[in-house]
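Visitor: I would like to learn how to read the contact between two chains and the packing of two helices. Could you take me through them one at a time?

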2 protein chains.
Amino acid sequence: MKVGILGGGQLGRMLLQAAANYTVETFVMENDDNCPAAHLCHHFIKGDINNFDAVYQFGKNLDALTIEIEAVNIAALEKLEQEGVKIYPKPSAIKIIKNKISQKKFYQQHQIPTAEFVITQQQHDLQNYINFFPAAHKLAEGGYDGKGVQIIQAETDINKGFDTPAVLEKIVSIKKEIALIVAVNDKKEMAIYPAAEMVFDPILNLLDYQLSPARLEEKELWKAESIALSVVKNLNSAGLFAVELFVDENKEVLVNETAPRVHNSGHHTIEANYCSQYDMLWRIMLNYPLGNTKAIIPSAIVNIVGAENYQGNAQYEGLENVLQMENVFVHLYGKQTTKAGRKMGHVTIISNDYNDLTYKANKIKHILKVMA
Amino acid sequence: MKVGILGGGQLGRMLLQAAANYTVETFVMENDDNCPAAHLCHHFIKGDINNFDAVYQFGKNLDALTIEIEAVNIAALEKLEQEGVKIYPKPSAIKIIKNKISQKKFYQQHQIPTAEFVITQQQHDLQNYINFFPAAHKLAEGGYDGKGVQIIQAETDINKGFDTPAVLEKIVSIKKEIALIVAVNDKKEMAIYPAAEMVFDPILNLLDYQLSPARLEEKELWKAESIALSVVKNLNSAGLFAVELFVDENKEVLVNETAPRVHNSGHHTIEANYCSQYDMLWRIMLNYPLGNTKAIIPSAIVNIVGAENYQGNAQYEGLENVLQMENVFVHLYGKQTTKAGRKMGHVTIISNDYNDLTYKANKIKHILKVMA
């Protein structure tokens, strides 16, 4: 079977590590032939995944195709789908998710709880929603890794708002941010992973690390699972989806956003779950049975990101110390150059003791730095 | 760092899956450009790993080099070593092990317990050792995967013996066959994995499956560990080594043979140990700290080999059923064609319950078949 991946970043890299457990001929398209996934596939094609012709030519002789980023040419995927190429997830699902306005409307249409919102076309529209503040202004398309979001606390922040179509979302009083990964195969069978919880630094407001399974009250988990399943059912497509949710102070659960692909919040499943998210997507595409989503052992993820004020050839300070920790797994994405905030790798910690997970996660955050 | 692997089979494939957790530029040389590892490296070079020029040209611009099979050109490795390329393991260690006669002499010289043996140059030499039978006649060089061994029960079997240099080894009354993997880094620090035990089918005399950690009496384990460490210390080389041992009816432990590389008996370490044997070899070559060899959870390995009487395009019967088992990990090596006995993949089972491991291993042996 010939399977292609649009995008050659770290998600593609980890997908290809998992692909080597099966017999499948792999294809990757990405603009950069030094990208993290380029050397791990049978066929690397340098090309623009946003270009209709490039995507169509790449896909037309494949049996199946997946994405590792939403910013792809959907028209080409639609044509390929019509011609019989299996697309995971369907272009119709990517289309809904890719644009934050259609994504929010989709939740609304299916009575899926999500933060209250309005749509703005240009910056001065924000003037009409002064009573709606504090709110998050989110670019409809093109936001990525924290870019494309502005917090509008009050009228004086309006000049930070976007002048192109965007969603203005009421700030929710968040108790916890969680993520749930859901897998769906062509027979519409579903499997759901244990929830993961994001632990934020209260001062810097940065994602510090992630714990899984999340520490949630039973009712919160039930709500979260039911909402995640409802999101994915209504997207009406096979594939793998990561649903990010908020649990608020009243124990209500709201969808934040959905990614129609393998996701940063699922890295720990490589070591900590019977079937990793990467393995799961191959099972779906190769028409194998869904895998077991259960955790073998609790885990934490620490993201390794480029340190502020460093740009150039990546140097990993503290790596030796981290590699010496006995229950820790290091994943570097093989990116030559670092810059502030760039995702350079991650570390997974496994332990039955949440205190150990938290202790090690904090320690790793402090000692491991990507400089240049 | 530029690191090369001589050989592109399944061991190379799994090494490269592990390499993608680090930033390393990988090179593979093998005669077959459809071999299991060919598409998972940065640079694949088609060439004969037994040819001096091919190996020398391949290695001369690399920082380090390893092997996934002993049948390589050692003279080229010696020249590369003199020129400053780091070879894991050292050519001197490969040389000792590659030839069964020098390997047995090495054990003898270092007072390492091993089955009694004599050396034969041609078949009719066996006539001199009639009182030594029953014995195993083992080809000095070129034996692989059970080939190159003949059991000489009595004088009437002498015509099965080899007519080239070979070792004639007294048959030991084996209670258990075990394997221990030992890692050594450039600082001569060592790490030893928990023992694995081979479980044989008493009727077919085939390796049925492997369990780890092995069920051994404490004293047997102590002896085995001390012998394995002694073997590796005396080989006087950094690298990863698999030491196969017999435990006899008198609880004595004898070395059977040593492999100077990642090994079939260590496949389970991918899922069942903190640091896999593949990860460990990268840590050694990249000059990182040794990893934690401890088992996270007990495990079994079932080898998937080509069924008798089938040759051609591989078809996996029963794969769906195995993929449905909840604590089971499938690894297919991506070989297009099968033949009787060819190693096509393996399955790892993890469980805290040895009965579950045994039950599932037997089940998998019965339902999973590689046909053509």
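Guide: Let us start with the contact between the chains, bearing in mind that this is a predicted model. The contact draws 24 residues from chain B and 24 residues from chain A. On the side of chain B that touches chain A, α1 (10–19), α9 (319–324) and β19 (328–332) each supply at least two residues, and by class that side has ten nonpolar, ten polar and four charged residues.

Visitor: How are the two copies related, and which residue of chain B comes closest to the rotation axis?

Guide: In general, two copies of a chain are related by a rotation about an axis and a shift along it. Here a turn of 180° and a shift of 0.0 Å along the axis lay chain B on chain A with an RMSD of 0.0 Å, and the two copies are therefore related as by a two-fold rotation axis. Leu40(B) is the residue of chain B that comes closest to that axis, with its C-alpha at 2.2 Å. Because 100% of the interface residues of chain B are also interface residues in chain A, the copies meet through the same surface.

Visitor: At what angle do the axes of helices α3 and α4 of chain B cross?

Guide: The axes of α3 (residues 74–82) and α4 (residues 91–98) of chain B cross at roughly 160° and come within 9 Å, which makes α3(B) roughly antiparallel to α4(B). The crossing of α3(B) past α4(B) is left-handed. Ile74(B), Leu77(B), Glu78(B) and Glu81(B) of α3(B) make the contact with Pro91(B), Ile94(B) and Lys95(B) of α4(B), a set with four nonpolar, no polar and three charged residues.

Key:
Residues numbered from 1 in each chain as written. Chains lettered and ligands numbered in written order. Predicted model: local features only at pLDDT ≥ 70, side-chain atom pairs only at ≥ 80, totals over all residues. Contact = placed C-beta atoms within 7 Å. Helix = DSSP H or I, 4+ residues; strand = E, 2+ residues; numbered from the N terminus. Nonpolar A, V, L, I, M, F, W, Y, C, P; charged D, E, K, R; others polar. Axes fitted to C-alpha atoms, helices over the stretch in contact; angles between N-to-C directions. Parallel < 35°, antiparallel > 145°, perpendicular 65-115°, else oblique. Left-handed = near helix turned anticlockwise from the far one by under 90°. Least-squares fit on C-alpha atoms with pLDDT ≥ 70 in both.
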